[in-house]
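Let's take a walk through this model, one piece at a time. Keep the viewer open as you read.

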Amino acid sequence: MATAKSALRRENKAKRLQRVGKLARGKFVSAANVAQVLKRVIEPGDILCLEGDNQKQADFLANQLASLDRKDLSDIHLVMSCITLPAHIQLFKKGMIRQVDFCYAGPQGTAVADLVKAKKFPVGAIHTYNELYARYYIDLTPRVALIAAAQADRKGNLFLAANTEETPAIVEPTAFSDGIVFAQVNEIVDKLPRIDIPADQVDLVVQAPYPMHLQALFTRDPAAITDVQVLMAMVALRGIYEKYGVQSLNHGVGFNTAAIELLLPTYGERLGLKGKICKYWMVNPLPTMIPAIESGWVESVFAVGGEVGMERYTAAHSDVFFTGRDGSFHSNRAMGQLAGHYGIDMFIGASLQIDINGNSSTVSKNRITGFGGAPNMGCQPAGRRHPTESWLKVGAEANPGPGSPPGRKLVVQMVETFQSGRVPTFVEELDAQDPSIRKALHGVAPVMIYGDDVTHVVTEEGIANLAACRSIAERQAAIRSVAGYTPVGLKRRKRDTEELRRRGIVQFPEDVGVSPREASRSLLAAQDIKGLVRWSNGLYDPPPQFVDW
Amino acid sequence: MEKFTKAFPSKPLKARTTKPWALAGVVGSGNLEVLLERAGASGTMECHVETSIPGYKSSWLAALADFATHYPAGGTKVTIHDQGAPPVLVNLRLRQAYDHLTGGDK
Amino acid sequence: MKKLTSRALLAKLFGTSAKDVAVKKSLLTGYAAVGTTKVCVIGTCDGTYVDNAAALHLAAQVIDCIEHHPKMPIVMLVDSAGQEPNRVAEMLGLASYFGHLLSCLELARRNGHKLITVATGKAVGGAFICYGMFGDRIYALDSASVGLMPVEAMSAVTKIPVPVLTKLSKTMPSLEFGAQPFALLGGVEEVWTLDDGVAAKLEKAIATASPVDNRAELGKKRGGRKLALDIRKKVLTESAR
Amino acid sequence: MTRGPLFHEQTARQRIAALVDPGSFDELLAPPERITSPYLAQLGIPVSFDDGVVIGRAKIGGRKIYLAAQVGQFVGGAVGEIHGAKLTGLFKAAARDRIPCVIIIESGGVRLHEGSAGEIAIAETMRAIFECRALKVPTLAVICSDIGAYGGMGILSTCCDFRVMTEHGRLGISGPIVIEKWMGKKAYDSSNRALVWKTSGGKTKYLLGDADALVHDDAGEIRDAIARLLGKSSPMSLKAVKARQAELAKRLKRFGQTQDADAVWKGMGVRDIEAASLASGPEFAAMAKRGK
């Protein structure tokens with residue numbers, strides 16, 4: 001074995017752990033001592049990683065961190081994918097953070113916007129998930145990582161259960177660079193169902209007094225799907241899924257795509273599409289996929305995370321879902337994002353705002369959210385080489401030049417022309433382009449998906465095929481053509497729309513064989529959560545807020 | 001509440017049935033009702049709109065004008081009670097009422 | 001005005017015979033006399049809330065009267081703030097208990113018992129609908145709180161500002177709370193003042209009562225409810241075609 | 001597993017079209033008459049051509065009926081002066097013509113914006129219902145939507161001969177929010193939908209006998225239930241009210257001490273609560289029957 005010439009980091013780690021002293025018994029820390037331990041292992045200037053994405057949160061450790069004072073904790077470079085807890089905001093309010101690099105701030109979007117206005121949010125950049133994970137191996141390697149697991153055994157091995165999520169992506173770079181990995185666990189047991197993180201990579205463990213926060217993020221109640229969303233789903237199925245023969249795909253979390261999932265066993269079956277489309281999925285275990293799975297549409301599902309209530313269902317369907325030796329569900333956010341980047345024919349999702357060039361964003365002046373996994377999947381992977389029918393077909397429409405790849409991934413934005421409260425989705429310029437936001441982000445507007453990457457925009461008015469547009473002016477005209485009665489839509493020129501429609505670049509529902517009159521919720525395979533439970537033969541256990549029986 | 005009235009030129013209604021009126025939709029949050037009656041000059045679709053959300057007259061007029069262009073609806077009177085419906089619903093309800101009136105297949 | 005005790009109020013209406021009316025848990029049941037007319041009494045006092053047991057208690061008295069005192073008028077006194085807003089009451093079907101009480105009263109009416117209501121205190125919400133509003137003729141003391149709800153409460157639920165409702169209630173008595181506006185709607189035949197010979201008025205009311213519901217006619221005549229009668233007639237006319 | 005539209009999601013007019021014999025519905029006070037609420041207009045609230053209730057004549061299985069369907073989306077289906085007068089007139093017409101009357105209830109009760117006028121209208125309609133019943137003209141309430149039958153309309157529904165419900169329907173007087181306000185969130189959490197439906201939903205009402213039929217959320221099934229009940233009327237005799245008095249007293253004695261609807265379910269014969277929770281209509285009814 002070679003000996004390091006210089007091992008300052010390793011020595012520093014040893015010192016930190018030494019400072020913990022009797023506050024830990026071996027690796028194990030009692031909940032009451034956590035705040036003290038954090039104070040002793042974290043040093044000013046550290047890059048500190050706090051685990052937490054849009055679903056799973058190391059919330060006990062975050063709360064303990066937020067309970068410290070500035071004298072105990074300061075000059076921290078915080079790296080984390082999602083700022084979602086009030087405790088996270090506290091760290092900024094207390095002035096502990098020197099810099100933050102993150103991806104998403106969903107529920108705290110308003111608080112983050114307020115921090116930006118108050119100049120208390122020293123942001124490095126807003127990232128996409130895999131971009132941030134990648135930097136954990138390059139220039140943002142954590143000195144200390146605070147993570148969450150379902151169970152630990154007496155040696156400190158960890159079981160992550162359904163929500164593996166981003167834990168491996170945080171632990172590996174930290175553990176292999178002499179950083180400290182501190183895990184909160186729901187319980188400590190003698191024998192784990194399976195080992196997801198070996199004890200060798202774990203330094204400290206605490207059994208949290210309450211189970212980690214898990215957001216039921218992907219549960220969409222079919223009762224809330226509207227007839228209009230059914231119409232859009234029918235248009236998308238015919239005009240995109242059927243047309244290109246989409247085999248592998250990712251769905252966003254919205255009601256639009258939930259409608260598509262619920263139309264597969266009914267409308268999709270009627271169109272004879274079973275076995276021809278939607279076989280391979282990179283998506284979380286969406287309850288609304290249950291009818292399609294039960295009807296035999298789905299070959300496989302790989303996920304970035306679990307979904308509350310789907311544990312028994314996924315375990316019972318190990319031919320479809322990835323499961324461990326113990327039989328239970330497995331997810332992995334980094335690998336899922338990678339799969340969604342390179343391995344699929346189509347990404348389809350929604351956005352709050354789309355500008356006339358097809359750029360989209362969920363950021364407004366009063367609500368700074370950032371990105372989920374959408375940009376990793378909703379983009380053209382320049383490193384892709386393998387062909388599929390769909391990839392080549394879209395590629396041909398895009399008329400590639402001599403220096404372009406022959407194929408294209410379908411990147412579809414599916415939105416209603418208006419958000420609730422009559423707020424138009426289509427705008428001339430994104431709120432994200434606001435100078436104050438750009439300034440805070442060092443000149444970069446937080447665009448979720450760039451217009452150049454988008455191939456199609458679907459609205460209740462129809463489909464705009466941006467990939468087939470030959471100029472920016474044409475792209476803008478195509479977007480205006482499906483922007484309905486928003487100010488952007490009202491500026492369309494009838495002649496342009498007719499010409500684009502003639503060329504098949506703009507398609508109205510009737511152009512793809514959909515009659516708006518047929519669009520009805522009664523086409524959905526399940527019209528409420530109870531229907532999903534019935535489809536699952538009682539294996540789906542919806543969260544209490546969705547149960548009305 | 002905002003109220004406005006406007007008549008749009010439209011090709012005469014094809015008189016397949018003698019049904020005098022048809023109603024589609026309900027007045028409820030984010031929804032509207034459309035009453036379509038056979039009335040007035042054969043070359044115009046006369047529209048009366050009452051909406052609980054003021055300030056969207058231009059998109060209302062554009063949606064109604066589009067309908068009058070796409071469908072032969074001359075000789076009809078459209079009365080709308082709106083409680084904040086998005087334009088797509090306006091279109092859908094107009095179409096539903098129209099189908100009922102003209103004895104279309106629904 | 002000082003609030004009368006239930007006993008004092010009963011004495012005003014029924015004189016010495018009031019002693020035979022039991023007051024138990026703010027419920028009134030028994031037999032008494034109005035002048036020379038023997039009557040059955042059911043009612044509420046102290047602004048109590050009516051629950052399942054209360055509805056059964058009143059219904060039992062009505063059944064007893066039908067069974068043992070044919071055609072004896074039934075006087076219904078109302079001083080109740082509403083139905084008991086309670087989980088168990090709802091689970092066990094409070095509405096059905098009220099429906100049962102109404103059925104008993106209807107049976108009495110069919111069997112020739114006159115039903116006279118006097119709103120003596122609070123007469124609001126479900127507690128008024130579940131028996132008092134079912135009288136052949138309905139009277140109210142001028143001090144009684146009769147109606148759907150005060151404008152403040154209406155405003156809290158509808159989010160319409162109080163001044164707007166108050167202003168509108170000047171031309172729409174339906175929005176105003178109290179015995180007088182309720183009478184304008186026809187919901188009350190006549191408003192009485194307690195010290196102004198109520199016993200004699202009650203006796204006369206019993207004598208002149210008719211089982212034909214006249215409230216819509218009254219409401220139109222008095223101008224408080226201008227549409228109800230004509231709409232009803234229109235339905236009857238159109239349906240006769 | 002595809003099926004028709006769910007009844008509880010349909011509008012009043014769609015429900016009527018789905019229930020009655022094709023082409024048999026003849027609307028009274030139809031929309032072109034524009035009989036709309038002056039109260040709402042004064043308050044700057046959108047009005048509706050039918051004022052929230054569609055009434056008319058129709059046929060079910062060839063049999064003439066009078067039919068009303070409330071529009072739950074419009075001010076919660078609440079009863080105002082016009083709305084209530086339409087209902088009163090309809091039941092009076094039914095009594096006059098000796099034709100059964102069916103009301104599809106979807107209402108929170110009195111329309112607050114019209115104050116006491118709606119309250120009196122409900123009382124008048126109750127009187128008209130009893131006019132029908134005195135003549136043995138069947139009256140039927142259908143309660144099949146989440147809005148349900150509440151307040152005065154809840155009470156009114158119990159005046160009819162029979163009630164048809166689905167698992168979606170709710171029947172009560174005080175709404176969940178009022179009860180929560182009164183009892184506290186701990187005792188009754190109005191956002192706990194499972195609790196609310198266990199308390200006031202069609203299944204519990206059916207077990208206790210307050211609903212006479214529990215059917216699937218489907219127009220065809222509801223039509224069949226209506227057709228079955230149209231031929232009967234519920235007697236109003238001294239014997240009948242005495243029996244009912246005893247039955248309601250027994251119910252109160254048996255279950256009045258518990259908060260727990262599961263105890264009621266078990267007491268009424270449901271053995272497997274979880275399976276019964278997922279079951280619907282006749283399957284649910286059968287489960288309760290088997291346990292007895």
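Start with helix H9 of chain A, residues 255-270, in what is a predicted model. The helix has 16 residues, and at 1.5 Å a residue they should span 22 Å. The end C-alpha atoms are 22 Å apart, which agrees with that expectation. Don't read that as a straight rod, though: H9(A) bends by about 65° at A:Leu264. A proline, A:Pro265, follows within four residues of that bend. As for surroundings, 14 of the 16 residues of H9(A) are buried, so the helix is largely enclosed by the rest of the structure. Step just past H9(A) and you meet A:Gly272, which takes a positive phi of about 75°.

Positive phi is worth following a little further. Most residues other than glycine have a negative phi. Now look at A:Asn537, which is not a glycine, yet its phi is near 55°. You'll find A:Asn537 in the segment after helix H19 (529-535) of chain A. Is A:Asn537 buried or exposed? Exposed, because its C-beta has 11 others within 10 Å, and 12 or fewer puts a residue in that class. Chain D offers a second case: D:Lys136 has a positive phi of about 60° without being a glycine. D:Lys136 sits in the loop between helix H4 (116-134) and strand E5 (139-143) of chain D. With 13 C-beta neighbours inside 10 Å, D:Lys136 counts as partly exposed.

That loop leads into strand E5(D), so let's look at the sheet around it. Seven strands of chain D form an open sheet in the order E1-E2-E3-E4-E5-E6-E7, and the pairing is mixed. Which strands stand at the edges? They are E1 (26-28) and E7 (213-214) of chain D. Each has a single partner strand, so one side of each is left without a neighbour in the sheet. Further in, strand E4 (residues 101-104) of chain D is joined to E5(D) by four bridges, and the two run parallel. For one concrete pair, pick D:Ile104, whose bridge partner in E5(D) is D:Val142.

Chain D also has company. On the chain C side, 62 residues are in contact with 72 residues of chain D. Several helices of chain C give two or more residues to this contact, among them H2 (52-68), H4 (94-110) and H11 (228-240). H4(C) gives the most, with 13 residues. By type, the side of chain C that touches chain D divides into 36 nonpolar, 15 polar and eleven charged residues. Chain A touches chain D as well: there, twelve residues of chain A are in contact with eleven of chain D. The chain A side of that contact divides into four nonpolar, five polar and three charged residues.

Finally, chain B. Its secondary structure comes to two helices and five strands, and from the N terminus on the elements run β-β-β-β-α-β-α. How does its radius of gyration sit with the globule rule? With 106 residues, a compact globule would be near 13 Å, and chain B has 13 Å, which agrees. Along its principal axes, the C-alpha trace of chain B spans about 35 × 25 × 20 Å. Of the 106 residues, 49% count as buried. Among contacts in chain B between residues at least 6 apart in sequence, 86% join residues at least 24 apart.

Note on methods: Residues numbered from 1 in each chain as written. Chains lettered and ligands numbered in written order. Predicted model: local features only at pLDDT ≥ 70, side-chain atom pairs only at ≥ 80, totals over all residues. Buried ≥ 20, exposed ≤ 12 C-beta atoms within 10 Å, placed from the backbone. Contact = placed C-beta atoms within 7 Å. Nonpolar A, V, L, I, M, F, W, Y, C, P; charged D, E, K, R; others polar. Expected span 1.5 Å × (residues − 1). Bend = angle between axes of the 7 residues up to and from the residue. Rg over C-alpha atoms; globule rule 2.2 N^0.38 Å. Pairing = 2+ DSSP bridges.
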